[in-house]
Amino acid sequence: MTQQTSKIPISSIILDEDIYPRKGIDHKRVAIFSENIRDGFRFDPIEVEPCPDKPGWYRLLDGAHRWSAFKSTGVEEVEAIIKDLDGNDPLLYAAKKAIGPRQLTEDESRDTARRAYSGNASLSSVDIGKAIGRARRTVDSYIADLRAVNQMGLDIKIFRMNRLGIPQDRIAERLGLARTSFQYHLPKMATLPDSANGDLASGFTVAQVAQKHGWADPMVWSLALEGKNDHDRFKELGWGFCTWDNLKVTRKWEWNDCDKQFGDDWPGRIPAQLIAHILRYFTKPDDLVLDPMAGGGVTPDACLALGRRCWAFDMMDRPETRPEIEPFTWDISSDQGLLWPVSAKEKPDLVIFDPPYFDKKADSYDKKSISGLSRKAYLEFLEAFFILLKLNVKKKTRLAFINADWRDFQNTSAAEEKYKGGILIDDYIDILKRTGWYHTHIIQAPISSQRFNAGVVCAMQKKNILGVISRYVIILGTYH
């Protein structure tokens with residue numbers, strides 16, 4: 001650790017309760033310290049660290065009572081040691097300093113131990129005990145229930161991934177578990193849903209059960225809808241069912257709002273209802289679905305609700321919130337060309353490919369996203385992907401390719417737009433045919449027009465700009 005001693009304004013120091021180990025300030029002690037200051041008594045420097053989210057500010061690590069006394073006597077600057085904890089837990093450091101002059105009370109010790117463990121579950125009871133002045137067994141008793149919850153979190157991840165049909169070796173690798181550790185969790189999978197199922201049987205809603213047990217809504221839906229056919233699942237979810245593929249009828253593949261229960265808030269998020277319709281029409285229960293660019297996780301969530309298995313991949317790695325989405329980057333610059341994300345004997349029955357659309361929301365995606373490629377490079381990537389895909393699927397595998405027309409319409413009137421400036425459905429179909437994919441359905445699934453506010457619409461009308469909300473689901477196979 002590094003440290004420096006200097007005079008800093010007392011007004012720049014705060015008492016951060018998140019890292020303060022005591023229940024409050026002892027005002028009698030502050031009063032004694034204040035008298036000592038007036039009598040000319042010199043105290044040891046207080047210890048602070050820079051506030052992580054407030055430049056120019058410091059939070060107390062040691063000396064809360066001295067700091068309070070300095071403030072009460074009108075001192076404007078104090079001698080302070082500015083600490084760099086170099087990754088060490090500030091709460092435990094503050095606790096260790098606090099027990100020097102006076103031991104923490106039982107309540108303070110328990111509270112500090114629980115807060116420290118909640119903030120960092122990798123802390124050992126020994127480490128916490130050394131900081132708060134308690135034995136390891138005492139700390140174990142303080143945090144036993146928190147450890148149980150943390151363990152349950154791991155079990156839920158395993159249960160979720162197992163329910164989606166991810167092989168056990170990949171689950172263990174994804175969660176960083178040794179084979180022996182992983183085997184310890186497997187017997188729990190049979191009884192893990194019992195409590196949630198009991199609450200569902202008692203009349204609790206999916207949302208209530210999810211909140212009570214700390215499960216994501218799609219996981220609870222997978223339990224609530226188990227054993228039902230697709231028609232009844234749709235009915236329970238309140239999604240309705242679109243029977244036609246075009247805009248000339250009342251019911252179409254168009255939804256203004258995404259079902260917030262499914263998928264994360266994500267650039268280009270698509271409605272779970274759209275994915276569910278693809279699953280209902282083109283898969284059967286327990287079929288394997290592959291999503292190579294899973295983004296916010298709408299596809300695996302919808303698969304949970306509809307009883308399909310799912311292997312999902314994305315460049316954004318979120319092991320805590322999305323363990324079922326395995327990290328993988330489609331490296332377009334690799335000398336070896338595009339590589340397939342997984343080696344497995346089983347092949348998917350359906351591939352749902354909803355890539356980041358060309359240019360749209362490019363600033364919101366990772367720099368490696370294909371959305372930011374040039375038009376030429378974007379189309380070349382799709383061609384290479386479709387060739388690779390054909391090599392890694394079954395003869396009867398279906399592909400659901402979701403994409404939208406792209407025209408550079410923002411500053412151009414409709415009459416001035418040129419062919420070379422856009423990417424339309426024809427371009428996608430040409431590439432698909434060249435790579436051996438043949439479409440059976442082209443389904444209109446327009447993007448919501450709500451993304452155009454009144455001001456934008458007014459400007460478009462004045463300039464005769466024709467906006468784009470066209471989006472298509474193209475269903476394809478490798479045989480015809």
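## Surroundings of A305

Residues up to four places away in sequence aside, A305 touches W221, L225, R233, L237 and F262. The model is a predicted one, and A305 lies in helix α14, which spans residues 298-306. With a relative accessibility of 0%, A305 counts as buried, because the cut-off for that class is under 20%.

A305 is also paired in space with M219: the C-alpha atoms of A305 and M219 are 7.4 Å apart, although 86 residues separate the two in sequence.

## Helix α11

Both M219 and W221 belong to the buried residues of helix α11. This helix runs over residues 217-224 and is mostly covered, with seven of its eight residues buried. The buried set consists of D217, P218, M219, V220, W221, S222 and L223. W221 is thus listed as buried in α11 and is also one of the residues that A305 touches.

## Packing of α13 and α14

Two packed helices are described by the angle between their axes and the distance between the axes. For helix α13 (residues 272-282) and α14, the angle is about 55° and the axes are 9 Å apart. The two helices are therefore oblique to each other, since an angle of about 55° is neither under 35 degrees nor within the range of 65 to 115 degrees. The crossing of α13 and α14 is right-handed.

On the α13 side, the contact is made by A272, I275, A276 and L279; on the α14 side, V298, T299, A302, C303 and L306 take part. Sorted by class, the residues of this contact comprise eight nonpolar and one polar, with no charged residues. The polar member is T299 of α14, because Thr is not among the residue types that count as nonpolar or charged.

## Surroundings of T435

T435 is placed in the loop between α16 (425-434) and β11 (438-444). Its relative accessibility of 8% means that T435 counts as buried.

Two backbone oxygens are reached by the side chain of T435. One belongs to I431, at 3.0 Å; the other belongs to L432, likewise at 3.0 Å. When neighbours within four places in sequence are left aside, T435 is in contact with E383, F386, I387 and K390.

Definitions and conventions. Residues numbered from 1 in each chain as written. Predicted model: local features only at pLDDT ≥ 70, side-chain atom pairs only at ≥ 80, totals over all residues. Heavy atoms only, no water. Buried < 20%, exposed > 50% of the residue type's maximum accessible area, 1.4 Å probe, protein only. Helix = DSSP H or I, 4+ residues; strand = E, 2+ residues; numbered from the N terminus. Polar contact = N/O pair within 3.5 Å; in protein donor to acceptor, adjacent residues only side chain to side chain. Contact = heavy atoms within 4.5 Å. Axes fitted to C-alpha atoms, helices over the stretch in contact; angles between N-to-C directions. Parallel < 35°, antiparallel > 145°, perpendicular 65-115°, else oblique. Left-handed = near helix turned anticlockwise from the far one by under 90°.
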